[in-house]
Amino acid sequence: MLSYPEIDPVAIAIGPVKVHWYGLAYLAGLGFAWWLALRRSRAPGAPLNRRQVDDLIFFGALGVVLGGRIGYALFYGGERLAEDPSWLLRVWEGGMAFHGGFLGVVLASWLLARREGIAFGRMLDFVAPLAPLGLALGRLGNFIGQELWGRPSDVPWAMVFPNDPLQLPRHPSQLYQFALEGMLLFAVLLWFTRRPRPTWAASGVFALGYGLLRSFAEFFREPDAHLGFQAFGWVTRGQLLSLPLIAVGLFLLWLAYGRGRAAEGATR
């Protein structure tokens with residue numbers, strides 16, 4: 001068993017004002033996305049210019065925060081939201097959901113694409129490689145904050161989280177998600193987008209890759225205590241929410257690669 005490296009979740013405290021590592025992880029993720037987007041905007045044929053990149057990061061940040069919070073309230077806190085609608089606004093109490101943030105970013109990208117006259121598929125393909133490293137940093141924030149830990153385990157690298165009331169050795173599932181949904185997916189998308197691909201292809205790889213990797217990581221993550229398992233005694237809410245992403249990813253890859261071949265075969 002490994003010792004949990006206790007790190008104060010508060011990075012900076014100035015009087016009553018406290019800045020948590022989780023919040024800094026969000027800022028770092030947005031900063032990296034902005035840097036990478038600027039590099040990608042300089043490539044020949046890039047759909048966005050410098051000004052549009054700045055707007056994209058602003059719209060995207062709103063989509064992540066608003067979508068993540070609303071998604072968490074709807075997907076994971078529906079009963080609490082019904083009892084106390086004002087809880088939605090109390091963001092300092094915590095609670096963000098990737099699937100909600102994903103929908104927020106998609107909506108923000110659609111609004112910007114429409115305003116700028118950019119094809120929506122090209123916009124999403126441009127955005128796809130920007131997200132995974134931010135997801136990785138967010139999972140590190142979860143690890144430091146001792147939240148979303150894993151299921152009890154006797155693997156040699158299991159950890160006892162000090163905030164765990166049961167004090168059980170657990171999978172450090174936040175680090176699994178950091179490696180899978182974050183670093184691995186980032187590497188795959190960075191490699192995949194090194195050369196031109198059909199429209200919707202990069203978006204399809206992101207949606208399919210995240211859906212599969214998140215579903216796998218959920219086998220090691222402790223389900224939310226107030227939700228438990230959702231089906232068959234082992235399916236979690238995160239896995240159910242990832243199924244549409246897997247379906248969307250397959251559909252987008254079919255749009256990118258299969259539709260043209262199917263049409264070609266039909267005309268022969």
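This report walks through the fold, surface and some selected residues of a predicted model.

## About the model

Residues are numbered from 1 along each chain as its sequence is written. Because the model is predicted, local features need pLDDT of at least 70 and side-chain atom pairs count only at pLDDT 80 or more, while totals for chains, interfaces and linings use all residues; side-chain values use heavy atoms, with hydrogens and water left out.

## Overall fold

Let's start with the big picture. The chain contains 9 helices and 4 strands; helices (H or I, at least four residues) and strands (E, at least two) are DSSP runs, numbered from the N terminus. Their order along the sequence is β-β-α-α-α-α-α-α-β-β-α-α-α.

How does the radius of gyration of the chain fit a compact globule, and what is the value? It is 20 Å, which agrees with the value near 18 Å for a compact globule of 268 residues. The radius is taken over C-alpha atoms, and the globule rule is 2.2 Å times the number of residues to the power 0.38. Along the principal axes, the C-alpha atoms fill a box of roughly 65 × 45 × 40 Å. Of the contacts with a separation of 6 or more, 66% join residues 24 or more positions apart; a contact means heavy atoms within 4.5 Å.

## Surface, burial and charge

Buried residues make up 44% of the 268 in the chain. Here buried means under 20% relative accessible area, exposed means over 50%, and partly exposed lies in between (1.4 Å probe, protein chains only). The chain exposes about 14,300 Å², and carbon and sulfur atoms supply 68% of that area. Accessible areas come from the Shrake-Rupley method with a 1.4 Å probe, and for residues only the protein chains shown count as cover.

There are 24 positive and 18 negative charges, and their mean positions are 13 Å apart. Lys and Arg count as positive and Asp and Glu as negative, with His and the chain ends not counted. Each charge is placed at NZ of Lys, CZ of Arg, CG of Asp or CD of Glu.

## Helix α8

Helix α8 covers residues 201-217, and the distance between its end C-alpha atoms is 24 Å, which agrees with the 24 Å expected for 17 residues at 1.5 Å a residue. The expected span is 1.5 Å times one less than the number of residues. Of the 17 residues of α8, 15 are buried, so this helix is largely enclosed by the rest of the structure.

Two residues of α8 give a view of its surroundings. Y210 sits in this helix and is buried, with a relative accessible area of 0%. Leaving aside neighbours within four places in sequence, Y210 is in contact with F98, H99, L135, R139, E181, L185, V205 and L245. The C-alpha atoms of Y210 and G182 are 8.9 Å apart, although 28 residues separate them along the chain. S215 is also in α8 and counts as buried at 14% relative accessibility. With neighbours within four places set aside, S215 is in contact with Q239, S242 and I246.

## Strand β3 and helix α1

M159 belongs to strand β3 (residues 159-160) and is buried, at 7% relative accessibility. Beyond four places in sequence, its contacts include M1, L2, Y4, P5 and F143, and also L168, P169, R170 and P172. M159 and P129 are 30 residues apart in sequence and 32 Å apart in space, C-alpha to C-alpha.

Y22 is part of helix α1 and is partly exposed at 24% relative accessibility. Leaving aside neighbours within four places, Y22 is in contact with M96, G138, G141, N142 and E147. The C-alpha atoms of Y22 and I144 are 7.8 Å apart, with their positions 122 residues apart along the chain.

## Loop residues to look at

Most residues other than glycine have a negative phi. Q167, in the loop between β3 and β4 (169-170), has a positive phi near 55 degrees and is partly exposed, with a relative accessible area of 42%. F232 lies in the loop between α8 and α9 (237-267); its phi is positive too, near 60 degrees, and F232 is exposed at 74% relative accessible area.

Is P44, in the loop between α1 (21-41) and α2 (50-75), buried or exposed? P44 is exposed, with a relative accessible area of 85%. The C-alpha atoms of P44 and F219 are separated by 42 Å, and the two residues are 175 residues apart along the chain.
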